[in-house]
Amino acid sequence: MIKQLQILLLLLICYSSGFSQNFSQELIVKAVNVKNQEIVDNRLISVSLLNVKDSTFVQQLRWTERSNVSLKGIRDGKYILFYQAEGFIPRYEDIMVRNGQVAEELHVINFIPKQISLGEVVVKGARTNIAVKGDTTDYNALGYVTQVNDNVEALLKKLPGIDISRDGKITVQGKTVNKVLVDGKEFFGNDPKAAIKNLPADAIAKVQVIDDKTDRTKNTGIDDGQREKVINLSLKNDKKNGWFGNIAAQPGTGSRYLAQANLNKFNERSQLSVISLSNNINETGFSLEDLNNFTNGSTYSFFGSGNGTLNFSVSNSGRVNVNNAFSGLDGGLVKSHNGGINFSAQYGKRKQLKFNISVMGLLSSNDITQKTEINDIPNNLLTSQLNQGSNSNDLYRINLNFDYTIDTLTSFRFKPFFTNGQKRSNSVLLSTTTREDLSFVNNIRQFLEQASTSPSVGGQIGINKKLRYGQGSINFFTYGSYSDNKLNYTNDLLINAVSASNPTGGNVQQQTSQGNNGGFFTSTLSYIKPLSKKRKVNLTLSQIVDFRKETASQYTLDYNPLNGNYEIYNANFSGNITSTNYRYTTTAGINKVSDEVTLNANLAVARLGLRGEIQNSVSEGVDREIWAFVPNISGLFRPKKGTSLYIALKADVQMPSAADLQPILNNSNPLYIRSGNPSLQASRSLNANFNYNTFNSATNTLLTINGLYTQYWRGFSTSSSVDTNGIARTFPINVTGNYLVSGGINLGLSPKINGLKINAGVSSNYSHTVNLINDQINDLSRISGSIIMGINYDNKYYQLGVRLAPTFNNAKNSYTKLADQRYLSFDNSLNVSLNISKNFRLFSEVAQNLYRGQPGGSDITYYLWNAGLEQYLLHKRNLTIGLNAYDLLGQNAAVTRFITSTGQIQNTQTNTLSRYIYLKVIYKISKVGK
């Protein structure tokens with residue numbers, strides 16, 4: 001298949017290139033500053049060739065000498081030359097190419113400095129496709145071909161240096177994008193999926209990728225060099241005043257349906273957006289942000305599994321699954337109904353008050369069937385499981401943002417939020433475990449009924465006060481939240497376990513109530529004092545207070561067969577712990593900020609404490625306090641335009657959580673009995689990372705290189721043991737020897753063939769973890785590597801997209817070599833779209849999923865093929881009618897595979913959406929302009 005794709009792509013390229021004359025010519029360009037008549041250094045000027053009809057990008061021109069610009073392979077016709085230089089108003093002029101030659105060879109360009117006022121100066125809209133300005137990369141959205149009903153996600157996939165995986169994760173220059181703004185304003189709480197999936201591509205004029213400062217840096221004034229990738233979508237001018245959006249309906253065979261409405265009302269001072277979605281085709285909007293709000297930002301530890309593994313996944317529509325804690329939203333056949341309102345406005349003569357509110361609700365349910373094969377090689381066990389159940393999950397979320405500039409020296413920010421979640425689930429688990437020789441170990445049947453609520457409230461406050469006469473600033477920033485999570489479940493568990501030496505059996509019938517409530521806040525008070533205004537060097541002093549208080553409880557009653565009630569108290573599965581974690585960090589540092597260099601060196605001392613009381617069969621207290629030296633140093637270097645290098649080194653220390661300390665058994669997973677460890681100590685770490693990126697405007701090439709190394713001392717791990725009945729008991733421990741190394745290279749190319757874009761990336765991770773298996777040390781070394789190659793070719797008549805993504809995994813264990821594993825997985829796709837005429841489009845999408853190197857040779861291959869035909873109607877083509885087919889081959893499968901930290905290989909297959917045909921009707925609303 002790969003060879004066929006390569007041949008197809010080569011034919012398309014040759015087809016496009018066949019229209020171009022093979023000639024090379026140089027233009028002599030003289031650039032003059034109209035203010036002083038001095039010659040502008042051409043090395044500071046970028047020159048682009050644009051189509052005269054729509055200003056789309058044709059070629060980035062290259063300087064061959066100080067005053068010569070090289071033109072290569074340009075077909076005859078009329079074009080626009082676009083000149084751009086820092087500090088000057090962009091200029092353009094028309095040129096004509098005839099018989100492979102340009103009429104004039106000498107071009108004199110009069111550059112107007114931006115600071116000169118000439119009354120009214122009108123510069124018409126010719127723009128290059130890519131421009132790098134300091135920390136911002138601008139993409140001209142008009143230079144990329146999109147279809148009538150494409151959303152912003154489809155546009156982003158075409159931009160060099162931006163990759164969107166099939167699970168919906170946006171990656172730019174090796175970093176994940178967690179925030180998308182619209183005209184600089186928050187959009188549904190910064191949820192990236194809300195913006196890219198609901199806004200139409202034809203509403204966007206410019207896409208900006210920004211190396212933005214973190215919220216802590218913005219609010220404290222202390223620039224630690226840390227940057228996060230943010231995408232800002234700039235609307236077209238006509239979309240900034242009026243209504244636009246769409247209404248869609250998709251009835252299908254097998255009672256499948258989707259109904260969706262997105263409406264946006266924008267003007268100069270406000271934005272109003274309404275989104276709604278109702279469907280039974282596995283589309284919903286539960287995101288990682290929701291889970292973080294539920295758990296005070298501790299999603300991973302809160303939903304950590306009993307066997308010490310972490311299985312994290314994000315589905316195509318952004319649903320998050322952490323160790324199957326929300327499997328009802330990430331598998332099976334899902335029905336969901338959600339909606340939201342987002343409103344942003346600016347008030348005051350100087351727009352000094354900025355306000356945003358978003359309200360979202362999600363009602364979701366599913367029916368799920370999961371088949372799991374667990375190969376526990378270290379313990380010579382094979383387990384087959386069948387889990388069937390139904391789940392419901394409701395979520396409500398409110399986010400607000402107040403940003404008020406009190407005066408020229410003082411600003412105030414307040415961002416509160418509130419969430420509430422309710423979940424119910426009923427499941428039946430059938431499990432059988434044997435040894436390699438097929439001798440019987442255990443047979444388990446479990447009925448599990450669960451109900452949980454998860455309300456949470458919190459927010460952040462920031463106050464910035466600049467001192468008069470440039471004497472520095474005083475800044476205060478705090479954020480925190482409180483949540484009260486409750487879970488009640490009934491566990492009807494029958495275990496038949498037989499061994500030669502110890503035949504046993506057991507029947508467990510319990511009702512358990514779990515509670516986890518707590519609050520935390522983090523506050524920073526900082527003072528910034530300029531030491532040298534000329535050299536831009538500052539003294540930074542700060543005091544940080546972190547405080548967290550949690551109460552975790554579990555109360556279990558056994559079933560009384562005499563009267564049919566749950567009333568017998570079980571001390572082994574009951575108890576509670578109250579813990580208080582605090583951290584005081586004092587920091588003094590030197591900071592230098594300029595256009596070329598940002599340097600930070602901070603000396604920090606932290607005092608950490610953990611106090612708690614554990615109550616179960618016996619009561620005991622926990623009282624620990626340590627001092628830690630946690631310095632950090634970072635540097636951000638910009639040696640030339642479009643190039644930056646970030647380097648950072650940071651030490652840290654982390655206390656265990658209340659859940660890690662609680663010595664109370666939990667048997668909700670019958671194969672893994674989990675408990676905490678009151679003897680757990682704090683973990684120390686050292687983190688080093690770098691990120692290099694450069695953009696060459698002459699060749700339209702974007703290159704990024706990143707690397708990370710993290711070393712842990714007394715890191716958190718697990719000790720597990722398996723008894724003769726195949727039941728594992730596990731608890732957390734401290735180990736030394738855990739470390740992680742990762743790195744990657746990403747390359748974005750826009751060759752001179754108009755419409756062709758190539759993205760290529762290579763990444764690798766190596767981790768070494770230590771754990772105990774049956775009281776013996778197991779050194780687990782795991783290496784994984786992936787290659788992502790994406791090729792897109794777009795023109796007026798057809799579009800082609802190819803994505804190849806093979807991943808290699810290799811794991812080695814010291815406990816037993818039999819547990820060593822090596823396998824390959826592939827996630828490839830091909831997209832083809834053909835514009836039969838102006839109002840007809842035919843498209844086809846094929847996704848290929850392969851697993852190679854499965855235990856016992858059980859390799860997996862399946863294809864997901866979708867196709868459709870669309871017709872555009874009405875004068876403005878704002879009505880679309882289409883006939884679409886989903887999973888034409890009937891092979892869609894939800895298959896996952898991962899290796900646990902204890903050497904187990906787990907393969908899971910979940911029921912999912914299968915073949916159906918549907919009619920699609922979309923009506924685009926557009927009432928914009930004056």
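**Entry 1: Glu870 and Arg841**

I looked up Glu870 to begin with and found that it counts as buried, at 2% relative accessibility. Here buried means under 20% relative accessible area, exposed means over 50%, and partly exposed is in between (1.4 Å probe, protein chains only). I note that this is a predicted model, in which local features need pLDDT of at least 70, side-chain atom pairs count only at pLDDT 80 or more, and totals for chains, interfaces and linings use all residues. Residues are numbered from 1 along each chain as its sequence is written, and side-chain values use heavy atoms, with hydrogens and water left out.

The side chain of Glu870 meets that of Arg841 in a salt bridge, 3.4 Å from N to O. I take a salt bridge as a side-chain nitrogen of Lys or Arg within 4 Å of a carboxyl oxygen of Asp or Glu. Glu870 is in strand E50 (residues 860-873) and Arg841 is in strand E49 (residues 840-852), so the pair ties together parts 29 residues apart in sequence. Strands (E, at least two residues) and helices (H or I, at least four) are DSSP runs, numbered from the N terminus. Arg841 also counts as buried, at 10% relative accessibility. Salt bridges that share partners join Arg841, Glu870 and Lys920 into one network.

**Entry 2: other salt bridges**

I counted salt bridges next: the structure holds 9.

I looked up Arg583 and Asp652, whose side chains meet in a salt bridge of 3.0 Å, N to O. This pair links distant parts of the chain, 69 residues apart, with Arg583 in strand E32 (residues 575-593) and Asp652 in strand E36 (residues 643-654). Arg583 is buried at 17% relative accessible area, whereas Asp652 is partly exposed at 28%.

I then looked up Asp403 and Arg413, which form a salt bridge at 3.7 Å, N to O. Asp403 is in strand E24 (residues 381-405) and Arg413 in strand E25 (residues 410-435), 10 residues apart. Arg413 counts as partly exposed, with 23% relative accessibility.

**Entry 3: a nonpolar patch**

I turned to the surface and found a nonpolar patch of about 400 Å², made by Val359, Ile398, Phe418, Val457 and Tyr482. Patch residues have over 30% relative accessible area and no salt bridge; like charges are joined within 9 Å, and nonpolar side chains (Val, Leu, Ile, Met, Phe, Trp, Tyr) within 5 Å. The areas come from the Shrake-Rupley method with a 1.4 Å probe, and for residues only the protein chains shown count as cover.

I checked one member, Val457, which lies in strand E27 (residues 456-466). Val457 is partly exposed, with a relative accessible area of 42%.
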